[in-house]
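Colleague: Could you walk me through this model and say what backs each term you use?
Modeller: Gladly, here it is.

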Protein chains: 2
Amino acid sequence: MDKQNAIAALSALAQEARLDIFRLLVRAGPDGLAAGQLAECLGLPPATLSFHLKELRHAGLVSFQRESRSLIYSAEFTSMNALLAYLTENCCQGDATTCAAGLCDGTNFVKPKSQKPA
Amino acid sequence: MDKQNAIAALSALAQEARLDIFRLLVRAGPDGLAAGQLAECLGLPPATLSFHLKELRHAGLVSFQRESRSLIYSAEFTSMNALLAYLTENCCQGDATTCAAGLCDGTNFVKPKSQKPA
DNA sequence: TCTATAATTCCATAATATTAAAAATATGGA
DNA sequence: TCCATATTTTTAATATTATGGAATTATAGA
């Protein structure tokens, strides 16, 4: 995950309709949901939903596969996890003992490379 | 963390200057950095930096305290963690066994309430 | 091929966010 | 009090993003 990927992912999630879509897909798990089901669950016009799905796709947060006439969307858990890791990278210079309230001590979220001094 | 808080936090982070500021503060840890140091590190004009710091403050991602003429900003690790938890809430309907690649099994990020079926 | 369904793309309009100069505010020291 | 430093607020121009109707593309079945 580089900075531009992270900004794309954060921008994609920083909007009510897209956050709703993404969280619905996170809850749905690997089986995903069809675009039509998303539109119905969230009460969005098809053109609006499609615009938001494109944003999420471009950010790498969702993918889809066609199944007959439906497009089945699902959350990309790997990208989500990479984003969470990026946000906390090098927290407190990699030194958990200086970290406020133990929030970056490695037990709470994935740390990419722990870069401890030798 | 409710939806509006999450959108505020994601919007705040979804912008290059603010993501840079926030990550610098995450790296700096609890001691934080003065606004002037941030401006110098990132090459931002004071008015621009101040605008972005206000956004981060309103989103609850940073706080500051005055120290003589300087305002020392630091990352709010608690809010950051709450955001990460919100994004993965109810992943795969709380059932880690259905989760793609083991990415929502509780070892990678904080799960708020694990809501397993009885 | 014709029709229905599922979803997307195109487009114009509306709404929101970013930038940074200039002015204002707060602090500390002479 | 006066001046320098540190930072914020105001403001206006600029740029980016969201919305949804209408047209379009893709699939499946009769």
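Colleague: What makes the pair between a phosphate oxygen of DNA strand D and a backbone atom of Gly36(B) a polar contact?
Modeller: The two polar atoms are 2.6 Å apart. A polar contact is a pair of N or O atoms within 3.5 Å (within protein, one must be able to donate a hydrogen and the other to accept it, and residues adjacent in sequence count only if both atoms are side-chain atoms), so this pair qualifies. Keep in mind that this is a predicted model, where local features need pLDDT of at least 70, side-chain atom pairs count only at pLDDT 80 or more, and totals for chains, interfaces and linings use all residues. Residues are numbered from 1 along each chain as written, chains are lettered from A and ligands numbered from 1 in written order, and side-chain values use heavy atoms, without hydrogens and water.

Colleague: Which residues are closest to DNA strand D?
Modeller: Arg18(A), His52(A), Arg69(A), Gly36(B) and Tyr73(B), out of 21 that surround the strand; near means a heavy atom within 4 Å. Sugar and phosphate make up 69% of the strand D atoms that come within 4 Å of the protein.

Colleague: How do you know that Thr48(A) makes a polar contact with a phosphate oxygen of DNA strand D?
Modeller: A polar side-chain atom of Thr48(A) is 3.3 Å from that oxygen, so the pair falls within the 3.5 Å limit.

Colleague: Why are E2(A) and E3(A) called paired?
Modeller: Pairing needs at least two DSSP bridges, and these antiparallel strands have 6, so they pair. In one of these bridges, Arg66(A) is partnered with Leu71(A).

Key:
Helix = DSSP H or I, 4+ residues; strand = E, 2+ residues; numbered from the N terminus.
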